[in-house]
Amino acid sequence: MSVSYASILWNKQKKKYDLGILIFVLSFTTLFFGGHVILHPDATFETIFIRNFGLLAFLLLHVVLIIGPLARLNTKYLIILYNRRHLGVTMFIMAAIHGVFSILNFHSLSNINPIKSVFLSNLNYDSIIEFPFQVLGFTALLILALMATTSHDFWLKNLGPKLWKSLHMLVYLAYALIILHVVLGALQNETSPILFGVVLLGFVSISSLHVYTGLKERNVDEPIDTNKSDFIKVCDISDITEDRAKIFTVSGERVAIFKYDGKLSAVNNFCKHQGGPLGEGKVVDGCITCPWHGYQYLPHNGQSPPPFTEKVATYKLKLEATEIWIDPKPFAEGTEVTPIMIL
Ligand code: HEM
Ligand code: FES
């Protein structure tokens, strides 16, 4: 949480996470090179090298995109989400190795600047078979570079979570460009169905998981009849598990209503760190704990416990028998609201 910055606060969990990424990268590279030496002994080192790092980046990008919806469906995947930025930066490094070596390999002998050559050596934009697919990869790489360089909490704090998140949504544009890069490039000359299968499986998994979790969230978002009163009825006490929350959309904002220690409190669902869903977290040591990276907020005032300074909006609740009602007007971030006692 943000009191001061350190370039990276290493802890045991981050080291284990990064070791896992390193083992994956080394194992994939060893198997890929080994497999090529056995199955395609005539393939050049440069070709295997470029393909290896292109595919590594492609696979890691899929993991980055799939973790979000997976973690919403099953909390055991939160462990991968926790340091997703490390995965994103590794993916960018792999993509950069692939891109730089492709440019060196295919454009360094050109009589113009190699980067200009990427854009000018092929202008067949009206052909599917000969489309200048490297331009698509180059543009995607620029987006990944922008995201990797702004991934640190320094940028998150200075740009603000909403702008930072919008910037990082560009990953979906990069993904679309990379799919086109592969489909219009490598797949045009590919005779084996493996690459085609990998691309199709990846695309179907990512899109179906996003659609499925999106539909699930829409059910959470169903607006609730205001019944012409200031307060809106949301649910019954028994609908909320102890130390957990239920999320509702009131006046266009997602609100998490927590049940803890014989009390009820409501806060805005959007975590001030990276917009994680607070209502999917739990109350630990009296604090709402974000499921993504563990930022904490006090349920009764939405403030992070000192010395931290993050604040979220709070809401007024009332109980009618066992029914929970909420006033949709938020209080300013960090406003104290007396919790409702469950009798
Ligand atoms: C400067 C940017 C880039 C350039 C110049 C470039 C160039 C190339 C070239 C020439 C190929 C064809 C290799 C072959 O047919 O053997 C290729 C394939 C590929 N590229 Fe890129 N690329 C760039 C960026 C990217 C990025 C950002 C990604 C993914 C994150 C990516 C993923 C791939 C993949 C998955 C393949 C197919 C590998 C295979 O043949 O199995 N490329 N790229
Ligand atoms: S989004 Fe990172 S802790 Fe909430």
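Six donor atoms around a metal count as octahedral if opposite donors are over 155 degrees apart and all other angles lie between 65 and 115 degrees. In the present structure, which is a predicted model, the iron atom of ligand 1 meets this description: the angles among its six donor atoms run from 87 to 179 degrees, and the site is octahedral. Ideal angles for six octahedral donors are 90 or 180 degrees. From the protein, coordination is provided by NE2 of His98 and NE2 of His181, at 2.0 Å. These two histidines join distant parts of the chain, with His98 placed in helix 4 (residues 84–107) and His181 in helix 9 (residues 171–184), 83 residues apart. His181 counts as buried because its relative accessibility, 15%, falls under the 20% cut-off.

The surroundings of ligand 1 comprise 21 residues, of which Arg51, His98, Ser102, Ile178 and His181 are the closest. A polar side-chain atom of Arg51 is found 2.7 Å from an oxygen atom of the ligand. The two coordinating histidines also place polar side-chain atoms beside ligand nitrogen atoms, at 2.8 Å for His98 and at 2.8 Å for His181. Two or more residues of the shell around ligand 1 are contributed by each of helix 2 (45–73), helix 4, helix 6 and helix 9. Helix 4 supplies the largest share of this shell, six residues.

The chain as a whole contains eleven helices and eleven strands. Its C-alpha atoms occupy a box of roughly 75 × 40 × 40 Å along the principal axes. Of the 343 residues in the chain, 43% are buried. Among contacts with a sequence separation of 6 or more, 56% are between residues 24 or more positions apart.

Two of the helices that contribute to the ligand shell were examined further. Helix 6 (residues 133–149) has 17 residues, so a span of 24 Å is expected at 1.5 Å a residue; the 25 Å between its end C-alpha atoms agrees with this value. Its buried residues are Val135, Leu136, Gly137, Phe138, Ala140, Leu141, Ile143, Leu144, Met147 and Ala148. These buried residues pack against helix 4, helix 5 (114–120), helix 8 (161–168) and helix 9. An α-helix has 3.6 residues a turn, so residues three or four places apart point the same way. Helix 9, with 14 residues, extends 20 Å from its first C-alpha to its last, close to the 20 Å expected. Buried positions in helix 9 include Val171, Ala174, Tyr175, Leu177 and Ile178, together with Ile179, His181, Val182 and Leu184. Helix 9 thus carries both the coordinating residue His181 and Ile178, which is among the residues closest to ligand 1.

Asn189 belongs to helix 10 (residues 186–189). With a relative accessibility of 69%, Asn189 counts as exposed. The C-alpha atoms of Asn189 and Ile129 are 8.9 Å apart, although the two residues are separated by 60 residues in sequence.

Among the strands, strand 6 holds Thr289, a residue that counts as buried at 14% relative accessibility. A polar atom of the Thr289 side chain lies 3.1 Å from the backbone oxygen of Cys287. The side chain of Thr289 also makes a polar contact of 2.8 Å with the side chain of Gln296. Leaving aside residues up to four places away in sequence, Thr289 touches Gly281, Lys282, Val284, Gly294, Tyr295 and Gln296.

Several loops show notable backbone geometry. Asp285 has a positive phi, near 50 degrees, and is a residue other than glycine. Asp285 is located in the loop between strand 5 (282–284) and strand 6 (287–289), and its relative accessibility of 76% classes it as exposed. Ala321, likewise not a glycine, has a positive phi of about 55 degrees. Ala321 is situated in the loop between strand 9 (317–320) and strand 10 (323–326) and is exposed, with a relative accessible area of 74%. The peptide bond from Pro306 to Pro307 is cis, its omega being near 10 degrees. Pro307 lies in the loop that runs between strand 7 (296–297) and strand 8 (314–315).

Technical notes. Residues numbered from 1 in each chain as written. Chains lettered and ligands numbered in written order. Predicted model: local features only at pLDDT ≥ 70, side-chain atom pairs only at ≥ 80, totals over all residues. Heavy atoms only, no water. Donors = N, O, S within 2.8 Å, 3.2 Å for Na, K, Ca; no water. Tetrahedral: all angles 85-135°; square planar, octahedral: opposite > 155°, others 65-115°. Helix = DSSP H or I, 4+ residues; strand = E, 2+ residues; numbered from the N terminus. Buried < 20%, exposed > 50% of the residue type's maximum accessible area, 1.4 Å probe, protein only. Expected span 1.5 Å × (residues − 1). Contact = heavy atoms within 4.5 Å. Near = heavy atom within 4 Å. Polar contact = N/O pair within 3.5 Å; in protein donor to acceptor, adjacent residues only side chain to side chain.
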